[in-house]
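Visitor: Could you show me how to read the domains of a model and the contacts between them?
Guide: Gladly; let us look together.

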Amino acid sequence: MNRQHTVRSTAFAVTAALMTAFAATASAQEVPAGYPADYADLIAKAKEEGTVSVYTSTDAAQSQKLQDGFTKRYGIKIAYNDLGTNGTYNQVISEAAAGQTTADVVWSSAMDLQMTLVQDGYASEYASPEAGKLPSWANFKNMLYATTVEPIGMIYNTKALSEDKLPKTYADMITFLKDNKSMLQGKVATFDPEKSGSGFLHHSNDARNRKDFWDLAKAMGEDGAKIYSSSGGMKETVVSGENIIAINIIGSYALDWVKESPNLGVHFASDYTPAFSRLALITKDAPHPNAAKLFVDYMLSGEGQSLLAEGGLPSVREDVSAGLNIKTLNERVGGGLKPIAVDEGVLEYMDQMKRVQFLNDWKEALGR
């Protein structure tokens with residue numbers, strides 16, 4: 001009996017050792033080229049965690065290829081929560097205050113809100129093996145990474161406005177709005193910076209970089225511009241003809257929309273096309289820290305970037321051939337691409353007094 005027990009125990013131990021060795025070998029084979037050898041340990045731990053929770057402002061449809069690619073490669077489930085920009089930020093803070101952090105990765109287009117989370121201690125530092133493939137402006141202290149580069153532009157109704165009439169530069173847009181009041185009255189759309197995190201970022205970034213931003217805001221006000229909380233909402237009104245143009249919207253969305261809507265056009269100023277990025281961070285108390293690191297690495301990898309680009313979100317890397325990358329995007333918008341750097345500069349209007357003043361100036365410019 002004891003001999004049988006010993007044999008069984010030995011067999012069990014051998015089987016367990018073989019399974020462990022097999023798992024280690026499988027994980028080693030999954031280590032991307034150029035990564036440290038001990039990355040296999042991170043993969044194994046991430047698989048044990050089994051899931052990664054993502055709080056985001058990105059539509060699931062645009063990231064679906066990325067999600068499917070990650071799960072197929074590693075077998076790890078993604079709990080994907082599209083909460084919007086403001087919703088994502090508020091949820092992270094609320095959960096941390098209650099000591100019940102659920103998010104592993106926070107991925108949002110509101111660059112200023114993401115930087116605020118970092119500065120206020122909600123993020124953890126992680127040096128991704130992919131960091132060296134990114135532009136220098138796309139990494140903030142290994143705590144906040146740019147995963148996309150997306151132009152901010154304009155859409156227009158092609159039945160109401162021909163391409164040859166479009167303003168070529170930022171300054172031309174101001175003149176265009178002033179000289180075409182009769183045609184554009186009540187038919188101009190733009191973001192509401194008070195209700196949209198993306199809208200606030202777009203407008204405040206222009207205010208930081210363009211001395212004539214307030215001239216543009218006043219020109220929109222004189223045309224009776226209407227404000228919206230989402231790019232999608234503006235798109236519908238331009239497609240229907242309710243509005244003729246929509247200014248400062250998410251250009252990456254627009255580049256896809258025009259493929260399906262024959263009466264919708266997209267336009268960028270040749271001298272100045274700002275571009276935002278969807279920024280990713282790992283939460284300080286991530287419940288699945290290894291899976292979080294693995295997911296961030298995958299997002300920044302050549303494979304992950306290709307899948308994002310295929311989904312309509314241009315790659316922040318130059319070596320990605322699928323869809324648009326930062327180089328080909330610059331060519332597409334006319335050579336004036338100006339990515340918003342991932343640094344403390346995005347926090348300028350997060351100061352409460354400056355924020356209130358900005359919103360008051362905005363309302364005054366639009367005649368609200």
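What follows is a short talk about two domains and the interface between them.

Guide: This is a predicted model, where local features need pLDDT of at least 70, side-chain atom pairs count only at pLDDT 80 or more, and totals for chains, interfaces and linings use all residues. Residues are numbered from 1 along each chain as its sequence is written, and side-chain values use heavy atoms, with hydrogens and water left out.

Visitor: Into which domains is the protein divided?
Guide: Domain bounds come from an automatic or database domain assignment. Here domain 1 covers 39–149 + 277–335, and domain 2 covers 150–275 + 349–366. Their centres, taken over C-alpha atoms, are separated by 27 Å.

Visitor: How many residues are in contact across the two domains?
Guide: Contact means heavy atoms within 4.5 Å. By that rule, 24 residues of domain 1 touch 20 residues of domain 2.

Visitor: What area do the domains bury between them?
Guide: The size of an interface is often given as the accessible area lost when the parts come together. Buried area is that loss with a 1.4 Å probe, summed over both parts. For this pair the value is about 1600 Å², with 53% of it on carbon and sulfur atoms. On the domain 1 side, Asp 112, Arg 332 and Val 333 supply 31% of the area buried against domain 2, more than any other three residues.

Visitor: How many salt bridges does the rule find across the interface?
Guide: A salt bridge needs a side-chain nitrogen of Lys or Arg within 4 Å of a carboxyl oxygen of Asp or Glu. The rule finds one across this interface. In the model, Arg 278 and Glu 150 form a salt bridge through their side chains, at 2.5 Å from N to O.

Technical notes
Buried area is the accessible area (1.4 Å probe) that two parts lose on being put together, summed over both.
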